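Trainee: I am new to this structure and would like a close look at one part of it. Please pick a residue and work outward from there.

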Amino acid sequence: MRSGGDAQGKKLRTWRAGRSDLSLHLLTVFSLAVAFVCLAASLLVVTNLAAVRDRWSRAGRATVYLRDGTSDAEATDLLRALETTAFVKKVRLVTSMEARREVLSDDSDKALAALPAAAFPASLEVGFTEDVTSDSLETTALKLRALPCVETVETYQKWTERLSSLLGGGVTASVCLAAIVLAAVVSVIGSTMRLLLHRRRSEVEVLKLVGATDAFVRKPFVVEATAQGAAGAVAALVMLGVLFGIVRGRFDHELVSLLGVAPSFLPWPIALAMVSLGALLGAATAIISLRKMVLV
Amino acid sequence: MAVTSSETAFRPALRKGPRFDPSAARRPILVFEDVYKSYRPDQPVLRGMSLIIERGELVFITGPSGSGKSTLLRLIHRTEVVDAGRILFLGRDIGRLTHDAVPALRRNIGFVFQDFKLVPNWTVYDNVAIALEVLNLPARLIRTRVGEALERVGLSGRGNDPAEVLSGGEQQRVAIARAIVGEPALVLADEPTGNLDPQLAIDLLGLFEDIHESGTTVLFATHDRTLLDVRPRRVVVLDDGRAVDVPSGLHDEDQAPISGQEQLAECA
């Protein structure tokens, strides 16, 4: 009976506040949404930059240079053997002639054209599956180097390591930026909720006057603030989602060819965490702001 | 003159609950014992004030501005705490109540302010109903009792109006309805007519007299002499931080005022 009555009272007063000051509540949710859009945008940068880093952190290919004098049969045997090796997606044989043709496609460079045929060794271009690890790539390379017909194996690991470290730096910088934005969001939410509660201080005063307990005063405000925080975060995700959809619809092809990966929206766990953060911040700021007001 | 419990039917002294004390029904509703209160060390507002208010009385508290009328009411409501001395409400020392016990005290006291203290964007109904919602009463009972209270103050049919669109007199009636809807043992009125014209003030006094007639103790703080002269009532004059009791009202020039200390000694 008692808890039922309390829940009823809370429902009544929460509804009353929403009904009597609807425009103010909508404005509050919009203010919170604007703050959360900044946070979601920075998280979107972090997510996609991390995806680009992951994409470029492994080359996913290797070039096996064959020794001079390797016969076509030996090269074909090696190609067949590689095709059945784990993590190998595709193998292509590039003969000396093909290599020379590819390099000399621009006939303006006479120095290159003057090079002997031996300067363009035959090779096997090996493409690996996406789940190949650096270790298994290196093991495969070691085994290939041990073969008598193989001159050397280039796995492009150093290049990818440099690129990966560069992109890793970018991810770290964007995480720092997201943290700063998060601090700003916390500040904006705190100020917004405090202003909202300050505007409604007369309500708190009246509640204390008629003998409301601290919990009775606090609960509906906390429920409201929690709902507003969560609603602000959801609204931000919807706004950013729409914007992301528009940008992706127009520039998806260019972005894929530029970055190597298709840009993706915030994963569900991050979106859910942001909504939870909104609710949590709303509740926390309401509790903190009300602490002084209820001590009358 | 003080009205004793045998003469008038009274509201319940304290709502029944785990700490209900039936012996409270035999005690004076308010006892001030040597109460001191100051906001600044060099300017005490109350200096050893003593006073007894019996159940079912309508008592005017008067005195010049700054004499401590509002302070006295705020001390009863536990919005302020005494520096020294005791204020007993139904035998319980208000100053020693814990923070968690204060809401229970306030639920037994209706308070009417000069500035109404309504939530302007709430409806009249909501402003009155809140006093019952804190008691966790069922919504149906709240509706019935709020309707009765609004009818009693002459505002039936105005429940859906926002409080901010009402006139000053109407807003004060809403505040009175809120103060009485919970059927408190005591109603405190702090200059409730201060913002109203003289005729409205007298009408409102009539409303407080009706509330008193139903058995509720009323403490009415005012500096408006015309209200004190409407009918002979007990008047407590606050002067120099002490209470001087004039049992039959200020219109009777022949009677001898009684100090609070004398009253306490007589009671003892």
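**From one loop residue outward**

Mentor: Leu90(B) is buried, because 22 other C-beta atoms lie within 10 Å of its own. Bear in mind that this is a predicted model. Leu90(B) sits in the loop that runs between strand S4 (84-89) and S5 of chain B. Its phi is near 55°, a positive value in a residue other than glycine.

The two strands on either side of that loop belong to a sheet. In chain B, 4 strands form an open sheet in the order S2-S1-S4-S5, and the pairing is antiparallel. Strand S2 (43-53) and strand S5 (92-93) of chain B are the edge strands, each of them pairing on one side only. The loop of Leu90(B) therefore lies between S4 and S5 of chain B, and S5 is one of the edge strands. At the other edge, S2(B) is joined to strand S1 (residues 30-40) of chain B by 8 bridges, and the two run antiparallel. To find this pairing in the model, start from Lys37(B): its bridge partner in S2(B) is Leu46(B).

Now step back to the whole of chain B. Its secondary structure comes to 8 helices and 11 strands. The chain has 268 residues, and buried residues make up 44% of them. Leu90(B) is one of the buried residues. Contacts in chain B between residues at least 6 apart in sequence can be sorted by separation: 68% of them join residues at least 24 apart.

Strand S8 (residues 217-221) of chain B is a good place to look at burial along a strand, as it is mostly covered, with 5 of its 5 residues buried. In a regular strand the side chains alternate between the two faces of the sheet. In S8(B), Thr217(B), Leu219(B) and Ala221(B) point one way, while Val218(B) and Phe220(B) point the other way, and all are buried.

S8(B) pairs with strand S3 (residues 58-62) of chain B through 4 bridges, and these two strands run parallel. In that pairing Val59(B) stands opposite Leu219(B). S8(B) also pairs with strand S7 (residues 186-190) of chain B in the parallel sense, here over 5 bridges. Asp190(B) stands opposite Ala221(B) in S8(B). These pairings are parallel, whereas the pairing in the sheet of S2, S1, S4 and S5 of chain B is antiparallel.

The helices of chain B can be read in a similar way. Two packed helices are described by the angle between their axes and the distance between the axes. Helix H3 (residues 124-133) and helix H5 (residues 168-181) of chain B pack at an angle of about 25°, and their axes are 8 Å apart. That angle makes H3(B) roughly parallel to H5(B), since angles under 35 degrees count as such. The crossing of H3(B) and H5(B) is right-handed. On the H3(B) side the contact is made by Val124(B), Asn127(B), Val128(B), Ala131(B) and Leu132(B), and on the H5(B) side by Val174(B), Ala177(B), Arg178(B) and Val181(B). Sorted by class, the residues of this contact are 7 nonpolar, 1 polar and 1 charged.

Chain A offers a residue to set beside Leu90(B). Phe87(A) has a positive phi of about 70° although it is not a glycine. Phe87(A) lies in the loop between helix H3 (72-83) and strand S2 (88-94) of chain A. Is Phe87(A) buried or exposed? Phe87(A) is partly exposed, because 17 other C-beta atoms lie within 10 Å, and a residue needs 20 or more to be buried.

The strand after that loop also belongs to a sheet. Chain A has an open sheet of 4 strands in the order S2-S3-S1-S4, with antiparallel pairing. S2 and strand S4 (150-154) of chain A stand at the edges with a single partner strand each, so one side of each has no neighbour in the sheet. From one strand to the next, the twist averages 20°. S2(A) pairs with strand S3 (residues 123-128) of chain A in the antiparallel sense over 6 bridges, and Arg92(A) has Glu125(A) in S3(A) as its bridge partner. The helix before the loop, H3(A), lies across strand S1 (61-66), S2 and S3 of chain A and runs at about 170° to S2(A).

Key:
Residues are numbered from 1 along each chain as its sequence is written. Chains are lettered from A and ligands numbered from 1 in the order in which they are written. This is a predicted model: local features need pLDDT of at least 70, side-chain atom pairs count only at pLDDT 80 or more; totals for chains, interfaces and linings use all residues. Axes are lines fitted to C-alpha atoms, for helices over the stretch in contact, and angles run from 0 to 180 degrees between N-to-C directions. Angles under 35 degrees count as roughly parallel, over 145 as roughly antiparallel, 65 to 115 as roughly perpendicular and the rest as oblique. A crossing is left-handed if the near helix is turned anticlockwise from the far one by less than a right angle, and right-handed if clockwise. Two residues are in contact if their C-beta atoms, placed from the backbone, lie within 7 Å. Ala, Val, Leu, Ile, Met, Phe, Trp, Tyr, Cys and Pro count as nonpolar, Asp, Glu, Lys and Arg as charged, and the others, Gly among them, as polar. A residue is buried if 20 or more other C-beta atoms lie within 10 Å of its own, exposed if 12 or fewer, and partly exposed in between; C-beta atoms are placed from the backbone. Two strands pair if DSSP finds at least two bridges between them.
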